[in-house]
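User: Please take a close look at a single part of this protein, its nonpolar core, and then set that part in the context of the rest of the chain.

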Amino acid sequence: MEKIIDEKQQGNSLVMEPKSGNGRKLMIESYGCQMNFSDSEIVASILAKEGFNTTQNLEEADLVLINTCSIRDKAEQTVRKRLEKYNAVKKINPKMKVGVLGCMAERLKAQFLEEEKIVDLVVGPDAYKDLPNLINEVEEGRNAVNVILSKEETYGDISPVRLQSNGVSAFVSITRGCDNMCTFCVVPFTRGRERSRDPQSILEEVNDLVAKGFKEVTLLGQNVDSYLWYGGGLKKDFKNASEIQKATATNFSGLLKLVAEAHPKLRIRFSTSNPQDMTLDVIETMAKYPNICRYIHLPVQSGSDRILKEMNRLHTREEYFELIDNIRRLMPECAISQDMITGFPTETEEDHQDTLSLMEYVKYDFGFMFAYSERPGTMAARKLEDDVPEEVKKRRLTEIVNLQQKHSHYRTQQFVGKTVEVLIEKESKKSDEHWSGRTTQNTVAVFPKENYKVGDFVNVKINDCTSATLIGEAVGYSDNN
């Protein structure tokens, strides 16, 4: 579940270059994590071949698809509201068809089609290639469903259309599914078992992005550290692989090395990591290649050993500290961010204090913090009573957020007076006179535009900061251009 949900992006509808001759109109809205936004690009690519151009105007759409998220209840409620809106428009435009994609499709397939009759089409995360057939079914007046989770599908052969892209940074999907059965998480049930994509197809996609002028890629997966390619198939079946397959397999560290060496000037990021799967060789590879960004999102969820065990996180507090120490030793300049869940069932005040003391030890650069909300179908929902009162969850969450604010500010202050490399991504939100971009540590920096442009690597002297942003001035191009 450690996917970063970017609130600013929720509900964005995709726009891509219209293809001449395409007469049908498609509207796709995406909710949830970056994997969903990446999947929407794959869907758009498949449907462009079927004669669909994208539109942002709901009233003119022939097909409306909503790519959904099941991580938290709030995400599901938002999607339900959108479906009501589509159905109101359907009364005016009866030929419009509505489909649900993604994780909610997997979770609520029967409800959407049979009980509530609010959609025509339900497509799970592994069935997007079946969309052309499913759309034909719907056009012939039948409901269409495909939520079969696959052991093979990685969409390695589809080059995604880059939508709403700044032309500077792009996401490249390297694994699908997840084998970690964290008790609070619905992902293994909505996205299936873990499988990795062929490193050659990943490299080809990266080569193509570099040729198009992209300067940064983020390798994406529910859990990138457990990437393992041995010729195809599920991660859990690796033990049955032949000796030659085992000897020639590519793990995550190997994949990072491959991409970093192929393009020494391309910035490489990855998301998301799981502490139990992050091995020393990954940290060593990062330290060796300057183009691998000095930033690791390392969700811990809780600082209490007892709660970690309840969550089925397969590491202890001590092991997590050891991992942090290794990162600090090999890459002292590396930024680390967290995911935290407060108020998990049975959490005591002592467990909560353990989380705060863990945060004090690490002093994260930033974090994503939530109060626990029970997700139907997960182990926690089946086995554990959601017994921490709402006001206690809220108070603990406030304490965690306040401490994180303090640490974030401490971290940004360390940059004041230094000169850092920034990749310009866009205009600053607050001022059209300033550029905004990120340092290798993933911290946002803003500075006057002068004669620089989007996509430039610039050295920026940092003069001031807030808890989230560095403020400075450009002092010239960096060696990376």
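Analyst: In this predicted model, the largest nonpolar core comprises 47 residues, and those with the most contacts inside it are Leu219, Phe252 and Phe270. Phe252 can be followed further: setting aside residues up to four places away in sequence, Phe252 touches Leu219 and Phe270, two residues that are themselves named among those with the most contacts inside the core. Phe252 also touches Ile174, Val224, Asp225, Tyr227 and Val282.

A sheet can be described next. This open sheet has 3 strands in the order S15-S16-S17, and the pairing is parallel. Its edge strands are S15 (295–297) and S17 (366–371), each of which pairs on one side only. Averaged over the sheet and with direction ignored, neighbouring strands are turned by 10° against each other. Strand S15 is joined by 3 bridges to strand S16, residues 335–342, and the two run parallel; within this part of the sheet, His297 stands opposite Ser337 in S16. In general, strands of a sheet pair through backbone hydrogen bonds, either parallel or antiparallel. Helix H15, residues 390–413, lies across S16 and S17 and runs at about 175° to S17.

Elsewhere in the chain, a single residue, Thr68, repays a similar reading. Thr68 belongs to strand S4, which covers residues 63–68, and Thr68 counts as buried because its relative accessibility is 0%, with the cut-off for buried set at under 20%. A polar atom of the Thr68 side chain lies 3.0 Å from the backbone nitrogen of Met104. Met104 is also listed among the contacts of Thr68 once neighbours within four places in sequence are left aside, and that list includes Val100, Leu101, Gly102, Cys103 and Ala105, together with Tyr31, Asn36 and Val79.

Thr68 and Met104 both have numbers inside the span that UniProt, in an unreviewed entry, assigns to the feature "domain: MTTase N-terminal", residues 24–140. In the model, residues 24–140 are 48% helix and 21% strand, and the end C-alpha atoms of this span lie 16 Å apart. A further feature in the unreviewed UniProt entry, "domain: TRAM", is listed at residues 413–476. Over residues 413–476 the chain is 2% helix and 56% strand, with the end C-alpha atoms 22 Å apart. Residue 413, where the record begins this TRAM feature, is also the residue at which helix H15 ends.

Conventions. Residues are numbered from 1 along each chain as its sequence is written. This is a predicted model: local features need pLDDT of at least 70, side-chain atom pairs count only at pLDDT 80 or more; totals for chains, interfaces and linings use all residues. Side-chain values use heavy atoms; hydrogens and water are left out. UniProt positions are given in the numbering used here, feature names are shortened, and annotations may be inferred rather than shown by experiment. Helices (H or I, at least four residues) and strands (E, at least two) are DSSP runs, numbered from the N terminus. Buried means under 20% relative accessible area, exposed over 50%, partly exposed in between (1.4 Å probe, protein chains only). A polar contact is a pair of N or O atoms within 3.5 Å; within protein, one must be able to donate a hydrogen and the other to accept it, and residues adjacent in sequence count only if both atoms are side-chain atoms. Contact means heavy atoms within 4.5 Å. Two strands pair if DSSP finds at least two bridges between them. Axes are lines fitted to C-alpha atoms, for helices over the stretch in contact, and angles run from 0 to 180 degrees between N-to-C directions. A nonpolar core is a set of buried Ala, Val, Leu, Ile, Met, Phe, Trp, Tyr and Cys residues joined through side-chain atoms within 4.5 Å.
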